[in-house]
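Dear colleague,

Please find below the structure that I am handing over to you. My findings follow directly after it.

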Amino acid sequence: MSVIKSTILGFPRMGSDRQLKKLVEGFWSGKVSEAELAEGSKNLRAEHWALQTSYGLTEVPVGDFSYYDHVLDAAYAVGIIPERYQELNKDSGIQAYFAMGRGLQNKSVDVRSLEMKKWFDTNYHFMVPEVADNQQFTLNSTKVVNEFKEATALGYTARPVILGPVTLLALSKATKGSTSKPLDHLSALIPVYIELLQQLAAAGAEWVQVDEPILSLDLDAAVYTAAFSQAYTEFAKVDGLKYLLTSYFDRLGDNLTLAAALPVHGIHLDLVRGASDLDAALAAIPADKVVSVGLINGRNIWKANLEQQLAVLNKVISARASGAAVWVNSSCSLLHSPHSLKPEAGHLDEETLGWLSFAEEKIEEVAILAAAAADRSSVERQLQSNTAKVLSRQQSERITRPEVQKRLAALNETFYSRQAPFTERQQVQRVALNLPLFPTTTIGSFPQTAEVRKARAQFRKGSLTKAEYEEFLDIETRKCIEWQDKAGLDVLVHGEFERTDMVEFFGENLEGFVFTKKGWVQSYGSRCVKPPVIFGDVSRPKPMTVDVARFAQSCSPNKPVKGMLTGPVTILQWSFVRDDQPRSQTAGQIALAIRDEVVDLEAAGIKVIQVDEPAIREGLPLRKTDYDAYLKWSVDVFRLATTG
C-alpha cells in the first residue's frame, strides 16, 4: 500500500474577511504600526494552519503567505532590489519592500513600483523583478524560515514553500540598458538559495516545496535543461532536505523528461489542467520518488467530482511500487479561490451553494480523497453527499436553457460576417457620422467620484429611491456629455456612472450568472476582486444599456455618443466559469447576448458602438500549440457579437 499524504500547495492570504487587506492598508495609511502588522499577520497564519489541519491535512505549506506578492517576496529575499530602492532598504526594509510593490511618493521620496504582469494565465498579478548587469545577490530576508519555525512551534507538520531560482529569473526582466539576460545570473544566485536551504534544514525542515511553474511553458530545451540541472544538482548537496518539485497551470508535456530526471525527491502533477500527462508521468517518474497528484482544482469554485478523482488517485496508487508515496494535493495554490463558503449561507440559494467549493471546502475534498484511498468506509457518507451534489448540478433545469442551446447550434458562417464589405460601410458611415478626418474620443468610463459612490451606496441602503438615483445618474451623464462637447471631442461617451465594474454590470443583467457575498480573490497587492459566477446557459432577458445610451445621445444632438459594451471573452475571462461545457461554448452564448444588445442599440439610433476586449490576449493558452484553437473561437465570438 502506498503511503498517502494529504496537503495543498498554498492557501489564500487575505483571510476570511480580508483581514490582511485591512492590516496592510492600515500600515500604509499610518494607522497600523509595523509591529501590529507583523502580529496581525502572525495570527492570521496560525488561523489558516489550524483550519487546514482541522480537516485532516497531514502537512501544511508555509511561506505561501505574503504581505503583497510571492514573486516580490522571492526577489526581495535574495537581494534583487533595484538601485532606486536601495536607500529606502537601508532605512526600512519594509518600506523598500512595499515601494517595490506599489511605489512611494512623499516629501523626500518619489520612486515608481516594479512592473506588474499577469501570473501565467490567472487573474492574479505579480511584480516583475529587475536584474542588473552588476547584480549582487544576498540573503536579504529569512521570512520562510521564520514562518516555518512559527508553524512547528505551534505543533504543525510544515513544508516550506519557495519560488524556484529558474522560474524567478525566467520571470524577471533585465534593467534598462543591461546587456545580460536574467538567466545569465543563475550561477551567482544559486549560492544564496543554498544558504536559505541550509537555514531551513537547520530549523528542522524535512521537505521543501520548490515551485517551478515555468515548466508549464514552451521552453528552449538546451537552455533550460542546463539551468535546471545546474540548480538542482547543487540543491541536492544540502544535507537533510527533500524537494518536491511543483509545476502547475498546464501539462508538463515535453518538459516531463527533464523534470523526472532532476535530483529531487518528489514531483507534483497538475491533473486538472495537465491530465494528459498522467500515463507518461507514471512511466517516467522513478519509483523512489513521491508523486504528488493535484486532483482538486485550485483555480475554480466548483465542487469536485470525488468519485471521478478517486478513480484517478487509485490508478496512480496501483501504478506505483508497493510502499511508494503518493500525495493528494490541490492542482495549484488555492490562492486563486475565495476563502470559504460559510458567509454565502443565506445569500446564495441552497441548490447553488451545494455546487460550489471555495478554499476551505477544497481542503476538505483533498482530505476526503486521501482518506478514501486508505479506507473508503471511513468517508462513505461524505462521498455519497458529494455524488448527490454533483448529480444535482448535472440535472438541474437551471443549468441548461433549450432555447439558448438551440440558437447556438443553429449558427452558420453568415453570423460571423458583416452584411457589407468595409469599403461600402466606410462610405455610408462617413456620410452618417460627418466626422472630421481625425476624430477624437475617449475609451469610455469617467472617474467614479465620491459623489457617485455615495449616491450608489445610498441607493443600495434604500435611502435613495430608484427614481432619485436615476435622476442623479442622468444629471451626471448630462454634465459628462457637456464637458466633452466643450472640450472639443468628436465622439462622446456617457461616462458609465451606473456601472461599478465593466463585467459585473453585464453579469447582473444576464441570465446564467450569480454573485457571491464574500467570494473575494486577490488580484494584486491588497486589491481583491469578487468575480461573477457563470453557472448556467447565458441569455439576455431584456436590453441592458439602451435606455442610458438613448438618454446620453439626447444630450448631444450634434455629436454621436458611443454605446459601451464589454466583449464576450473579457466577461468570460474575468468570471468564474462553469466547467461542464467548453469555454468556447459559454463565450458563444455571451456573444449572442451582446449581439442582441448591439442590434437594439443600433435600432435606438446609436451610430457608434464600442466593444471592449482587454482580456482577449490574456486568454491565450500557455502552450503555443494550443493558440490556434483559442484564437479561432475567441475571434469568432467577437465577430458574432458585432455582426448583427
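Glu-496 sits in the loop that runs between helix H19 (466-487) and helix H20 (504-508). Please bear in mind throughout that this is a predicted model. The phi angle of Glu-496 is near 65 degrees, a positive value in a residue other than glycine. Because its relative accessibility is 10%, Glu-496 counts as buried.

Two further residues have a positive phi. Arg-18, which is not a glycine, has a phi near 55 degrees; its place is the loop between strand E1 (3-6) and helix H1 (19-29). Gly-103, just after helix H5, takes a positive phi of about 80 degrees.

Helix H5 itself (residues 93-102) deserves a remark. Seven of its 10 residues are buried, so the helix is largely enclosed by the rest of the structure. The buried residues in H5 are Ile-94, Ala-96, Tyr-97, Phe-98, Ala-99, Met-100 and Gly-101.

I turn next to the nonpolar cores. The largest nonpolar core has 103 residues. Within that core, the residues with the most contacts are Trp-119, Leu-168, Leu-197, Phe-228, Tyr-232, Tyr-243 and Leu-313. A second core, separate from it, comprises 35 residues and includes Val-503, Ala-593, Val-598 and Trp-633. As for Leu-168, once its neighbours within four places in sequence are set aside, the residue is in contact with Val-71, Ala-74, Ala-75, Val-78, Ile-80, Pro-129, Leu-163, Leu-189 and Tyr-193.

Phe-120 belongs to the loop between strand E5 (116-118) and strand E6 (125-127). Its relative accessible area is 13%, and since the cut-off for a buried residue is under 20%, Phe-120 is buried. Not counting residues up to four places away in sequence, Phe-120 touches Leu-171, Pro-213, Ile-214, Ser-216, Leu-217, Phe-249 and Leu-622. From C-alpha to C-alpha, Phe-120 and Cys-555 are 44 Å apart in space, with their positions 435 residues apart in sequence.

Ser-417 may be set beside Phe-120. Ser-417 lies in the loop between helix H16 (402-409) and H17. With a relative accessible area of 35%, Ser-417 is partly exposed. Leaving aside its neighbours within four places in sequence, Ser-417 is in contact with Arg-639 and Thr-643. Ser-417 and Ile-296 are 121 residues apart in sequence, and their C-alpha atoms are 41 Å apart in space.

How many disulfides does the structure hold? The number is zero. Cys-332 is accordingly in no disulfide, and the nearest cysteine sulfur, that of Cys-528, is 17 Å away. Cys-332 counts as buried, because its relative accessibility is 0%. For Cys-480, the closest cysteine sulfur is in Cys-555, at 9.9 Å, which is too far for a bond, since a disulfide requires the two sulfur atoms to be within 2.5 Å. Cys-480 is also buried, with a relative accessible area of 4%.

Finally, I summarise the empty space in the model, which may be of interest for your own calculations.

The count of cavities of 30 Å³ or more comes to one. The largest cavity has a volume of about 80 Å³. Its lining is formed by Phe-11, Pro-12, Arg-13, Arg-45, His-48, Trp-49, Gln-52, Pro-61, Gly-63, Asp-64, Phe-65 and Glu-147. Helix H2 (residues 34-54) provides the largest share of this lining, namely four residues. By residue type, the lining of the largest cavity divides into five nonpolar, three polar and four charged residues.

The second largest pocket has a volume of about 1,200 Å³. This pocket is lined by 34 residues, and those nearest its centre are Arg-418, Arg-425, Gln-429, Lys-607 and Val-608. At least two residues of the lining come from each of helix H17 (422-433), helix H23 (583-603), strand E21 (609-612) and helix H24 (627-642). Which of these elements gives the most to the lining of the second largest pocket? H17 does, with eight residues. The lining of the second largest pocket divides into 17 nonpolar, 10 polar and seven charged residues.

With kind regards

Conventions:
Residues numbered from 1 in each chain as written. Predicted model: local features only at pLDDT ≥ 70, side-chain atom pairs only at ≥ 80, totals over all residues. Heavy atoms only, no water. 1 Å grid on protein atoms, 1.4 Å probe; cavity = no way out; pocket = protein on both sides within 12 Å on 5 of 7 lines; lining within 4 Å. Points joined across faces, edges and corners; volume = space filled by probe spheres on them. Nonpolar A, V, L, I, M, F, W, Y, C, P; charged D, E, K, R; others polar. Buried < 20%, exposed > 50% of the residue type's maximum accessible area, 1.4 Å probe, protein only. Contact = heavy atoms within 4.5 Å. Core = buried A, V, L, I, M, F, W, Y, C linked by side-chain atoms within 4.5 Å.
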